[in-house]
Amino acid sequence: MNLINYWKSFNSDEGPYIHQKDNILNDQVSYRFTNYEGYISSEDYGQIDSRFHFGLLPSPYCGDILNESIYILMLNPGFSSIDYYAEQYSKKFKEAKINCLYQKQNVEYP
């Protein structure tokens with residue numbers, strides 16, 4: 001429950017998408033892209049990139065974690081150039097990510 005409460009206090013209104021309690025990371029890693037157009041016009045487009053992308057919503061878990069009976073532990077969600085496009089141009093996709101992050105009840109999880 002502490003994990004869920006932690007992410008419920010996260011501000012998903014606008015980037016950079018970094019939890020206020022994690023703001024120490026802001027000085028250690030770069031936040032460079034705010035949207036799809038900014039990313040695809042950069043020299044980093046198409047390159048393998050393992051940096052934190054604070055222009056994208058975090059995905060610490062997926063699904064209804066309070067009511068599941070099986071959990072699959074994975075590393076991180078990874079990064080693809082399509083991530084900026086999906087969050088910027090698919091309202092339904094972005095809404096689903098926010099619902100998962102806040103563990104909203106009575107919604108369909110992917």
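This note sets out points on the packing and the main pocket of a predicted model.

1. Basis. In this predicted model, local features need pLDDT of at least 70, side-chain atom pairs count only at pLDDT 80 or more, and totals for chains, interfaces and linings use all residues. Residues are numbered from 1 along each chain as its sequence is written, and side-chain values use heavy atoms, with hydrogens and water left out.

2. Main core. The largest nonpolar core (buried Ala, Val, Leu, Ile, Met, Phe, Trp, Tyr and Cys residues joined through side-chain atoms within 4.5 Å; buried means under 20% relative accessible area with a 1.4 Å probe, protein chains only) has 10 residues, including Ile4, Trp7, Leu57 and Ile98. Helix 1 and helix 4 each supply at least two residues of this core, and helix 4 gives the most, with 3. Helices here are DSSP runs (H or I) of at least four residues, numbered from the N terminus.

3. Second core. Apart from that core lies another, of 5 residues, among them Phe33, Tyr39, Leu56 and Tyr84.

4. Leucine 57. Beyond its neighbours within four places in sequence, Leu57 is in contact (heavy atoms within 4.5 Å) with Phe10, Ser12, Tyr17, Glu87, Lys94, Lys97 and Ile98.

5. Helix 3. Its buried residues are Tyr84, Ala86 and Glu87. They lie on the same side of helix 3 because they cover an arc of only 165 degrees around the axis, taken from the directions from the helix axis to the C-beta atoms. These residues pack against helix 2 (36-40) and helix 4.

Conventions. Buried < 20%, exposed > 50% of the residue type's maximum accessible area, 1.4 Å probe, protein only.
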